[in-house]
Structures are given as C-alpha cells and as structure tokens.
Amino acid sequence: MPLQRARSGSSPTIAEVAAEAGVGKATAARTLGNYGAVSAEARARVLAAAEKLRYRPNSIARSMTTGVTHTIGVIVADVGNPFFAGVMRGIADACDAVGYSVIVLSTDETLTKEQSAVGLLIDKQVDAIILASAAVRPDETAHILEASSREIPVVLIDRKVRGLDLDAVVIDNRNAACHAVERLIDAGHRRIAFAWGPSFRGGTMERGLLATTVDESLWSQSERLMGYADALAAAGIAFDPLLVTNCTHNEEATVGAVEAMLRSTDPPTAVLTTETDATVGALRAIRAAGLTLAEDVSVIGFDDTSWASVMHPPLTMIAQPMLELGRAAARHAFARIGGDRGDSVVETIPTTMIERESVAPPVRVSAADVR
C-alpha cells in the first residue's frame, strides 16, 4: 500500500524517499543528512529519489541528529546603522560562501535585549554567535558565558568586553581617534569637541576622572575617548570635559549638546564625531548655530559613507573596513566550529582616514590660545 501524506502538498518525508529509492530509512537518512557510511550505488538512488519527489531536508531534525545547524547568530546594536549594515554584509557573504545561514538580531545597545537575544540563539542551536556586546563589566557577561558553556563559540565584533577571553575582531579605535585629533591640531585647532562621549555619572565628568569614566564605558567608546585625550596631551592641550558630550546617544540629543558648546563663551572650533548619528547631529548643530562647516567649525567623523563625499564641503572621515570586519569575524567563528581550541585571538584591522575638505584652520581665536 503506497504511503499517504498527512496533507496535500506537504513535503515528502525521508520514509517516502527511502521507499522510492528501494532502501532502508536509515540509509536514506544518512545520505540526506550527509553523515555515516553509504555505498555509492545506494547514495545515487536516494539522491535521485529525493530529486524526483522534490524532497527538502528538515533542518531541525537534521540538527538533532548531527548537532550542526549550519547557522550563525549575529547580534548587533542597531541593524539600521550603516556601520553594522556593512559588517552584516561581510558576515553574510562569508556564510553564503560555505552554505551557512545567518540569524540577525538587534539590541538598541540595551543589555536586557542582548541577554534575550543570546538566549534565543542558544534555543535555536546556532553553531556560533557573533556579538557586538553592550556589556561593560564582567558582572554583565553571564549570558555570554552561558553560550560558551554550551560549546557555542562566541566571537566579539567592533568591541571587546572587559573580563572575557574570547576571539574579537576590532579596529584600533585609540590610534584612529588620536590620528584624527592630531590632524585637527596640525590645522591649528586647540578647542576640539568630542561627540559622542560616554555618559558620565552625576551629569558631567570632573577633571581627573577620565580613567574612571573609561572603565564604565563601552570598550570602543572608551578607546576613542582615550585616543582623543592622548592627542591633546601630546600637544600640551589641557583636557576639558566640557568639550566632551554627555547626552543620550542619538542624533537629536547630539544636536542640543554640540549646539550648546558652540554657543558657549569659549566654543570649540573643531569636532571629532565617533558615529554616523553623532556626525549628522554635529552638522545640524553647526547649521543651527549659524556657522559654516570648515570655515567656522572643522569636522572629522568615524564611519565614512557615500554621502560624506557629496557634502559641501566634503567631509574628512575615518573609514572602517566594515566588510572585512564581518568576514574576519565569520572566519574566526568557522575556525571555532571546526574544532580550533587554541587561545583566543584579537584581530585588529586598520582604518583609513579619507582626507576631504571639512578641515581648515580656525578663524576664531579661542581663550585657550591666549592663556
């Protein structure tokens, strides 16, 4: 009696493929799951039967048998951010090349959402997780350690997490920021603002508390702030916390914070921005203050984009290798999936500063120049 399907149009089962091929169900399962020993003749018959019946493998059932889902989980802060979009494209390209699928989750830089996302990926039995974590302190990493304890490799991307000994793929944030500030100093600037700065306890950062602030901030943010401070110190310029934004990390908040600086009695003549939204917010603030880009206020930003080159004047930007960051993270994940048990590796990929026309000598003399 021929096998009957439970519903019209449903996918054929392994049992139906086995019957069509004239082999046992176990032989069909080994062939279609690509595991175990099967003779060449039996394999050919099973594959022919599967093609005839238009069989599609059940990935969940296969993962229960093999322990492999051929899926990578990716958790980023904001899927709408052009930087993370570029990183995800690099990951997707690398996964597609080896037959892996990608599950992408966004956290809005919120630790509770990240914890839920990691739990979901554990439940999905992904083979590895690539994570841009919102965790700052070691006591915020239990969910990441839980994934590792289940032998799910975790690769950090864009930022490291203090206290975690995991593979990471990052840029040299500190040197990139330092180089950008040096460029502004070389142009004659002494009052240089920094957006985004970390959120400071008590509403502002007092002098001498830079190290404490850094320890309480995301690694990438703190590294950029330290690079900014390094360049100022090397040039003999005092670090002024009033030139470091302390606001919610979004475009609207940045507009208010930078505009307030520009309207102060000793305003900045240049701004280093560390994110796309911070750059747009700073540009809007310059316009709102009745000032002109480059002529009145110079700007260098992180995350070069296509629109930066068509601005008037075009923006000098730090280009992050987004695609390569994603591809490198995927390579680390595949190595761990493949059984690499070596020490954790931090891969640092260089950035490039794209010189355009948004940096010019200051036209205003600041109080710092006459002190």
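**Exercise 1. Work out how helix H11 passes helix H12 in this predicted model, and describe the contact between them.**

Solution.
- Start with the handedness: the crossing of H11 over H12 is right-handed.
- Next, place the two helices. H11 covers residues 251-262 and H12 covers residues 276-288; their axes come within 7 Å and cross at roughly 45 degrees.
- Now put a word to that angle. Angles under 35 degrees count as roughly parallel and 65 to 115 as roughly perpendicular, so H11 and H12 end up oblique to each other.
- Then list who touches whom. H11 brings Glu251, Glu252, Thr254, Val255, Val258, Glu259 and Leu262. From H12 come Asp277, Ala278, Val280, Gly281, Ala282, Arg284, Ala285, Ile286 and Ala288.
- Finally, sort the residues of this contact by type: 9 are nonpolar, 2 polar and 5 charged.

**Exercise 2. Lay out the open sheet of 6 strands and find which strands stand at its edges.**

Solution.
- Write down the order: E2-E1-E3-E4-E5-E10, with parallel pairing.
- Look at the two ends. E2 (101-106) and E10 (346-349) each have a single partner strand, so one side of each has no neighbour in the sheet.
- Check the twist, which averages 15 degrees from one strand to the next.
- Zoom in on one pair: E5 (residues 167-171) and E10 run in the parallel sense, joined over 4 bridges. One to look up is Val170, whose bridge partner in E10 is Thr348.
- Add the helix on top. H13 (residues 322-337) lies across E1 (71-76), E3 (128-131), E4 (154-157), E5 and E10. Its direction is at about 170 degrees to E5, and angles over 145 count as roughly antiparallel.

**Exercise 3. Track down the backbone oddities at Trp196, Pro313 and Glu109.**

Solution.
- Take Trp196: a cis peptide bond links Ala195 to it, with omega about 10 degrees. Trp196 sits in the loop between E6 (192-195) and H9 (210-215).
- Move on to Pro313, joined to His312 by a cis peptide bond with omega about -5 degrees. Its loop is the one between E8 (298-302) and E9 (316-319).
- End with Glu109. It isn't a glycine, yet its phi is positive, about 60 degrees; look for it in the loop between E2 and H6 (111-123).

**Exercise 4. Find where the pLDDT drops under 50.**

Solution.
- Get the overall picture: the average pLDDT is 88, and 87% of the residues score at least 70.
- Go to residues 1-9, where pLDDT stays under 50 and the model has 6 contacts beyond four places in sequence.
- Then check residues 367-371: pLDDT is below 50 there too, with 7 contacts beyond near neighbours in sequence.

Key. Residues numbered from 1 in each chain as written. Predicted model: local features only at pLDDT ≥ 70, side-chain atom pairs only at ≥ 80, totals over all residues. Heavy atoms only, no water. Axes fitted to C-alpha atoms, helices over the stretch in contact; angles between N-to-C directions. Left-handed = near helix turned anticlockwise from the far one by under 90°. Contact = heavy atoms within 4.5 Å. Nonpolar A, V, L, I, M, F, W, Y, C, P; charged D, E, K, R; others polar. Pairing = 2+ DSSP bridges. pLDDT = per-residue confidence, 0-100.
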